[in-house]
Amino acid sequence: MVTTDYRYGRDPHNLAHVSTDQLLDGFTKILTQCRAVLRPGGTVVVTTRPWRTHGELIDLPSAVLAAGQAAGLIPEERCVALLAGIRDGRLIARPSFFQLKNVRDARRQGIPLHLVQHEDVLIFTRPKKPSAASRPLCDRRERQAGTERCHYPRSHRERRL
């Protein structure tokens, strides 16, 4: 069997075609936008797995965990999801087409790669309340004084979470 459609499209702006730094920047922007639309305490779940570039394993799950934190989300859990099925009571690997292709190509070149057998499931939540330190100064003073009035310019209020 010969397969020809094994790419994520040809759009150079697709995150599948950018550098790791650009990919992580994109992930951070996506997670920041997720945070903006989540209710306080809301959940975002991301599945991710490591991959290899020039034989070097890229730990994408840890990088996405950091991206979520940079986006202001709280990491709640990091779980393992096996890429496997059960046949006759035994676990059978269920790698993606891309994993199989990459491992087969590497082995043909004499590189002894193995399939990644799991994905990381990262669970983030939006903070329930912004911390007092993250609120604008006038907001903290208003709360302390029990007033609704602020004597500072309105422009600084846009920094609220």
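Among contacts in the chain that link residues at least 6 apart in sequence, 61% connect residues at least 24 apart. The model discussed here is a predicted one. Its secondary structure consists of four helices and seven strands, and these elements follow one another along the sequence in the order α-β-β-β-α-β-β-β-α-β-α. Of the 161 residues in the chain, 29% are buried. The accessible surface of the chain amounts to about 11,600 Å², and carbon and sulfur atoms account for 52% of that area.

Helix α1 makes a good place to look at the packing. This helix covers residues 20-37, and its 18 residues should span 26 Å at 1.5 Å a residue; the C-alpha atoms at its ends are 26 Å apart, so the expected and modelled spans agree. Which residues of α1 are buried? They are Leu23, Leu24, Gly26, Phe27, Leu31 and Arg35. The partners of these buried residues are two strands and a helix: they pack against β1 (43-48), β2 (51-53) and α2 (60-70).

A further point of interest is found in a loop. Strands β5 (84-87) and β6 (90-93) are joined by a loop that contains Asp88. The phi angle of Asp88 is near 55°, which is a positive value in a residue other than glycine. Is Asp88 buried or exposed? With a relative accessibility of 76%, Asp88 lies over the 50% cut-off and therefore counts as exposed.

Note on methods
Residues numbered from 1 in each chain as written. Predicted model: local features only at pLDDT ≥ 70, side-chain atom pairs only at ≥ 80, totals over all residues. Heavy atoms only, no water. Buried < 20%, exposed > 50% of the residue type's maximum accessible area, 1.4 Å probe, protein only. Contact = heavy atoms within 4.5 Å. Areas by Shrake-Rupley, 256 points an atom, 1.4 Å probe, with all protein chains shown as cover. Expected span 1.5 Å × (residues − 1).
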